[in-house]
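Got a model on screen and wondering how the descriptive labels get earned? Let's go through some of them.

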Amino acid sequence: MLDWLYSLWPGLETSVTLLSLEPPGWGGNLLRGAMNSLIIALGAFALGCLIGIGGALGKLGGGPVTRDLLAVYTTVVRAVPELILILILYYAGTDLLNQALRAFGYRPVEISGLAAGIGVLGVVQGAYATEVLRGAIQSVPRGQLEAARAYGMTRFQTFRRVTAPAMLPLALPGLSNLWLIATKDTALLAIVGFSELTLETRQAAGSTRAYFTFFLAAGALYLIMTLVSGRIFGWIEARFRRGQAGARA
Amino acid sequence: MKSLFLAGCATLALCAGAASADVVRVGIAAEPYPPFAAPDAAGNWVGWEIEIIGAVCAAAELDCELTPTAWDGIIPALVSGRIDTIMASMSITEDRLQTIDFSDPYYNTPTVIVGQRDMEMDATPEGLAGMVLGVQVSTIHQTYAQTYFEAGSELRTYQTQDEANQDLASGRIDATQADSLAMDDFLNTDAGACCELKGTVAMDEAILGSGVGAGVRKGDDALREALNAGIAAIIADGTYDEITARYFATSIYGQ
Amino acid sequence: MRDFWQPHRIGLIALALGLCVWAALTMRWDWIPRYAGLGLEGLWRTLWLLGLSLVIGFAMALPLGLAQAAGPVWLAAPARWFCTVIRGTPLLLQIWLIYFGLGSLFPQFPAIRQSELWPYLRQAWPYALLALSLSYAGYEGEVMRGAFKSVPHGQLEAARAFGLGRFAVFRRIWLPQALARALPTLGGETVLQLKATPLVATITVIEIYSVASRVRQDTFIIYEPLLLLALVYMAIAGAIALGFRWLERRFTPGLG
């Protein structure tokens, strides 16, 4: 079926063989790597959002010390290359966590590469998410919060019922950008040896010397991931915007 | 706020999960290093060293788990407890012995210079003067090249030996210094047609070490003894020679 | 400035200073003199790679942004695709594709080795510069598209009505306003570009990050070089932020 194409483009047949899903093709490895990348990106994004909510609330409503510490956290993380943060956190993080656990009398835990990857990228994402969410929370009109307080809602209720739903549409563009950064940052874990898409690609390319084929294929996989998730975020945004036409002045 | 922090901690704890203490995590380099250890198209690690790891663990009755780790950070990974032993063609050198311990050696091969066919060179500082020499990062070859060749030649450091070989084939570097068996493997491929063996470098045991051993944390003598026993056992019962014969034409155990 | 010296902050600063002293006393820093020369060379290479890639990348971003904002479809579509592809794939992969992918083609075309470009093609930095520039162009092309579009159309029409030529309108009205609007974003993006430079260490370029890696390999000291490196990057990022703040004050008076 593809014979006429192969005769036009001699390298194509080898590339197709190399990329097929079953051995001797390496396509299966690439897909497994892509799956790992997605899992890490999802985990890191979720962790980043959690840190971001805590950080944003701390920056807005915390005491002076909390606020300053959070400022240091976001400034440092946003100024130091992710690669260096990953190396420091990847090696020192486990060490420090276990020393802390030991100091408090707990048994040290073993952190899997997956958990470490999620943790490290999550801490990086958290700094950016803090800024995104802080901006979004700040732009919720004060009157709405005061009204909620007047109704006798507790702080937590106010956050859950008023602040969170009102700020989400404002935060979504920033968050969707963060998600894209998360998927791309997973590539950095290749440098600490975690077998995600970029490392799988490097292994496949190194073993077969078909560098061009594999890097292009991996690029296509990343592109699909980012384009599809861009669509999904667009859809979510449209949904949350319903009935809030004036929310974004 | 507090509940959020707690939720975060719970997520972390879930991910972490305490693995059983009996599993020995064997760190191998995540970068392919054929014919010793490289992933195949099905995602399994294969090669001489992978089989040796299996045999040693079986003989020592250890429950081993291969843990691919970036070569560049494999010693920090061992020290920080991410892995329990390194079996990744790591030579036993005085420098490394200051940070970690090693088992008895399980192979020993000479270090060679492989260079472009159409260039005149040999494995001496004079013979490589003015050349561009590629080495893999964090290896004895890098240390050796920095000590003997850096004054006269330009050094390039690569994350993997595969990438250095690739640049040798593309002509970006004139020569590379590496392990003789790994280079034999490369010279037998199509890409290796560009190049040939230029010679063996002069011995410097302080840098090049006394063979390849399994790295363990300082003080982890129980594991070191177990690995030593395993290595001795597979040499004694012929498993070692049987595996070697399937990969190499000659013995690679050294003297 | 008076607000800065609150009691708790003095406490925090004292704590931070204490941490620094503790780090200086208990950690190992004896390797610094030996590697200072290499480190400065590496720093210099990081800085010029950054500077040059910013200039080249931005020079490409202007037409990319303009094509998307006001160009005909046959210019706008490829420009949009370029930006999407660059922004949708990891820079590390782009760097490896450009360096190893192109390199793997050399053996098939022996003529390349005879060409006059070969001395440059042999080295790693041209590829690093190309990859970094393309990446910056892709991100900034998108930023400039928004900036060009955000300049009110009435202004351009008014300028035309005053008899200014198309090029004059672009040079004197459109471009300055778009730049002023893009400046705050560009500042952030430039810091991101700085943070991307250590990735070129993976293709054998010796910049400041790879010097720190070398210290780690030579001495088996893990954390100290990384911590010092983090400080260096923070200093450069701070300088970039200050520089852009100065640019903004100078070039955006009266723009809300």
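What follows is a round of questions and answers on this predicted model.

Q: What makes chain A a chain of helices by the count of its elements?
A: Its secondary structure comes to 10 helices and zero strands. Read from the N terminus on, the elements go α-α-α-α-α-α-α-α-α-α.

Q: How do you know how chain A stands against a compact globule of 249 residues?
A: Put the two radii of gyration side by side. The globule rule, 2.2 Å times the number of residues to the power 0.38, gives a value near 18 Å for 249 residues, but chain A has 22 Å. So chain A does not match the value for a compact globule. As for its box, the C-alpha atoms fill roughly 75 × 50 × 30 Å along the principal axes.

Q: What share of the residues in chain A is buried, and what does a residue need to be called that?
A: The bar is 20 or more other C-beta atoms within 10 Å of a residue's own. In chain A, 43% of the 249 residues are buried. On contacts, take those with a separation of 6 or more: residues 24 or more positions apart account for 73% of them in chain A.

Q: How many residues does each chain bring to the contact between chain C and chain A?
A: Chain C gives 27 residues and chain A gives 31 residues. On the side of chain C, helices H1 (7-26), H3 (73-88), H4 (91-105), H9 (166-196) and H11 (223-251) each supply at least two residues.

Q: Which class, nonpolar, polar or charged, do the residues on the side of chain C that touches chain A fall into?
A: They divide into 19 nonpolar, six polar and two charged.

Q: Why are strand E9 (154-158) and strand E11 (195-200) of chain B called edge strands?
A: Look at the order of this open sheet of five strands in chain B: E9-E8-E10-E7-E11, with mixed pairing. Strands E9 and E11 each pair on one side only, so they are the edge strands. Neighbouring strands of the sheet are turned by 30° against each other on average, direction ignored.

Q: How do you know that E8 and E10 of chain B count as paired?
A: Pairing takes at least two bridges between two strands. Strand E8 (residues 132-136) and strand E10 (residues 175-179) of chain B have two bridges and run parallel, so they make the cut. B:Gly134 stands opposite B:Thr176 in E10(B), and B:Leu133 stands opposite B:Ala175.

Q: In which sense do E7(B) and E10(B) pair?
A: Antiparallel, over five bridges. In E10(B), B:Ala175 is the bridge partner of B:Gly115.

Q: What makes E10(B) "mostly covered"?
A: Five of its five residues are buried, so each has 20 or more other C-beta atoms within 10 Å of its own. Helix H7 (residues 180-187) of chain B lies across E7, E10 and E11, at about 125° to E10(B). Helix H6 (residues 161-170) of chain B lies across E8, E9, E10 and E11, running at about 160° to E8(B).

Q: Where are the two domains of chain B?
A: Domain 1 takes 20-108 + 210-247, and domain 2 takes 111-208. Taken over C-alpha atoms, their centres are 25 Å apart. The contact takes 12 residues from domain 1 and 13 residues from domain 2. The domain 1 side has six nonpolar, three polar and three charged residues.

Technical notes:
Residues are numbered from 1 along each chain as its sequence is written. Chains are lettered from A and ligands numbered from 1 in the order in which they are written. This is a predicted model: local features need pLDDT of at least 70, side-chain atom pairs count only at pLDDT 80 or more; totals for chains, interfaces and linings use all residues. Two residues are in contact if their C-beta atoms, placed from the backbone, lie within 7 Å. Helices (H or I, at least four residues) and strands (E, at least two) are DSSP runs, numbered from the N terminus. Ala, Val, Leu, Ile, Met, Phe, Trp, Tyr, Cys and Pro count as nonpolar, Asp, Glu, Lys and Arg as charged, and the others, Gly among them, as polar. Axes are lines fitted to C-alpha atoms, for helices over the stretch in contact, and angles run from 0 to 180 degrees between N-to-C directions. A residue is buried if 20 or more other C-beta atoms lie within 10 Å of its own, exposed if 12 or fewer, and partly exposed in between; C-beta atoms are placed from the backbone. Domain bounds come from an automatic or database domain assignment.
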